Amino acid sequence: MASIIRLPKGTRDILPDEIHKWYHIEEVVRRLCQDFGYREIRTPVFESTDLFVRGVGDTTDIVQKEMFTLVDAGGRSLTLRPEGTSPVVRAVLENSLYAGPMPLKLYYNPLTCYRAEKPQAGRQREFHQFGVELFGAATPAADAEVILVAYELFRRFGLAERLLLKLNSIGCPTCRAAYREALLSYLEQYRQELCDTCRQRMDKNPMRVFDCKSEICQGIAQGAPLITSYLCDACREHFEGLQQTLSALEIPFEVDPTIVRGLDYYRRTVFEFVSDDIGAQSTVCGGGRYDGLVEELGGDPLPGIGFGLGIERLIMSLERAGYVFPELPAVEVYVGMTDASLDVLTTKLVTELRRAGISAEKDIVGRSVKAQMKYADKLGAHYALIVGQNEVDTGRVTVKDMQKGESFEAALDGLKEALLAR
């Protein structure tokens, strides 16, 4: 016997007994985005590799270590998308969405992403994200709205009090220049102690030391100067305005000057919603402002801000919070038969019911009458009936209400109407 082929490491099957959780989340997200005026966008699962090198940044772990990249038959380098923002920006530019009314408010739900990293709690090599992207508004109010979308989703799921919003401003190119010099001066004295990755990043993006997982680098970073002390007047005013709005909205937050996020395109506001339910301070949702990304990818200046929220991590958080997901509706009617000669008749019956919007099942494996009733019970069918020669001759059938334990009679040619009337 041939061996079973296993799924690749870092991927998982979403099975029928759990898909209802995904349907429910997708529906809540869809309604949420409608309430906030966001429209859905769907982008290809693979893009030009250069999109992510230029957009995400060649100093990031994603580009350096985690992308799934291939060369197609024409010699083009293509990459399975590791994140959602760069493809959306590409779509905005390529389809001239920037020419429409502003702000442009888009969302994806869910988006499959791929990163060749070590699988961890709630994060596989293939994972799913819900995210929003808002273009054309550079105000603190825009930042607050995007954060509010995420917060409102958590509130609707009853998770708001179980998550912590961490907030930071990483400044703009103007104020970051002075900060970069101060940070480099500090890190230079520890150059030999830093990990190889941080040493390589020092010249291009030294702020990434705050994002390093090395305990040695984390210890060094604790004594480093913080960007919040170097913000220019415009960035400081922007950050203060955002905090004032969040406070007015009664959204609790904590300013954390060490948050830099793992993507090079961020400017000014960056934020994370973290949870203790799925590990030590695990990020469920993260995002920020990326005002220079559209230009980096070939467009005219256009401010943008957004976030990505991991669906797997959201499900884990909900499960550990005891959230009750609504189950998918059970089969409404089970139509059995006493003899295979009645197969065509019962097939017509269930087809008529299905076309009327009544979910129906019938025997297609040749079970006995007793086994058919047991199967109907396992399906959770609301009603069950058995069609035999006597029912054909009289034109009437007994329908059992499996939930109440009661029965009623109905005409075979009026079964649909009888069920719709109950």
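**A sheet, a helix and a pocket**

In strand E9, Ser 275 is the bridge partner of Leu 163. I start with that pair and work outwards. Before I do, note that this is a predicted model.

Helix H9, residues 233-248, packs on the sheet. H9 touches E7, E8, E9 and strand E10, which covers 282-289. The direction of H9 makes about 160 degrees with that of E7.

Back to the strands. Strand E7 runs over residues 163-169 and strand E9 over residues 267-275. E7 and E9 pair in the antiparallel sense, over seven bridges.

Now the whole sheet. How many strands form it, and in what order? There are eight, and the order is E1-E5-E6-E11-E10-E9-E7-E8. The sheet is open, with mixed pairing. At its edges are strand E1 (39-40) and strand E8 (254-255), and each of these pairs on one side only.

My other topic is the second largest pocket. The space in this pocket comes to about 640 Å³. Its lining counts 26 residues, and the closest to the centre are Arg 176, Lys 204, Asn 205, Asp 264 and Tyr 265.

Which helices supply at least two residues each of that lining? They are helix H2 (49-55), helix H6 (173-188) and helix H10 (293-296). H6 gives the largest share, four residues.

By class, the lining of the second largest pocket divides into 11 nonpolar, 10 charged and five polar residues.

To recap: an open sheet of eight strands, helix H9 packed on that sheet, and a second largest pocket to which H6 gives the largest share of the lining.

Definitions and conventions: Residues are numbered from 1 along each chain as its sequence is written. This is a predicted model: local features need pLDDT of at least 70, side-chain atom pairs count only at pLDDT 80 or more; totals for chains, interfaces and linings use all residues. Side-chain values use heavy atoms; hydrogens and water are left out. On a 1 Å grid over the protein atoms alone, a cavity is a set of points where a 1.4 Å probe fits but cannot get out, and a pocket is an open set with protein on both sides within 12 Å along at least five of seven lines; lining residues have an atom within 4 Å of a point. Grid points are joined across faces, edges and corners, and a volume is the space filled by probe spheres set on the points. Ala, Val, Leu, Ile, Met, Phe, Trp, Tyr, Cys and Pro count as nonpolar, Asp, Glu, Lys and Arg as charged, and the others, Gly among them, as polar. Two strands pair if DSSP finds at least two bridges between them. Contact means heavy atoms within 4.5 Å. Axes are lines fitted to C-alpha atoms, for helices over the stretch in contact, and angles run from 0 to 180 degrees between N-to-C directions.
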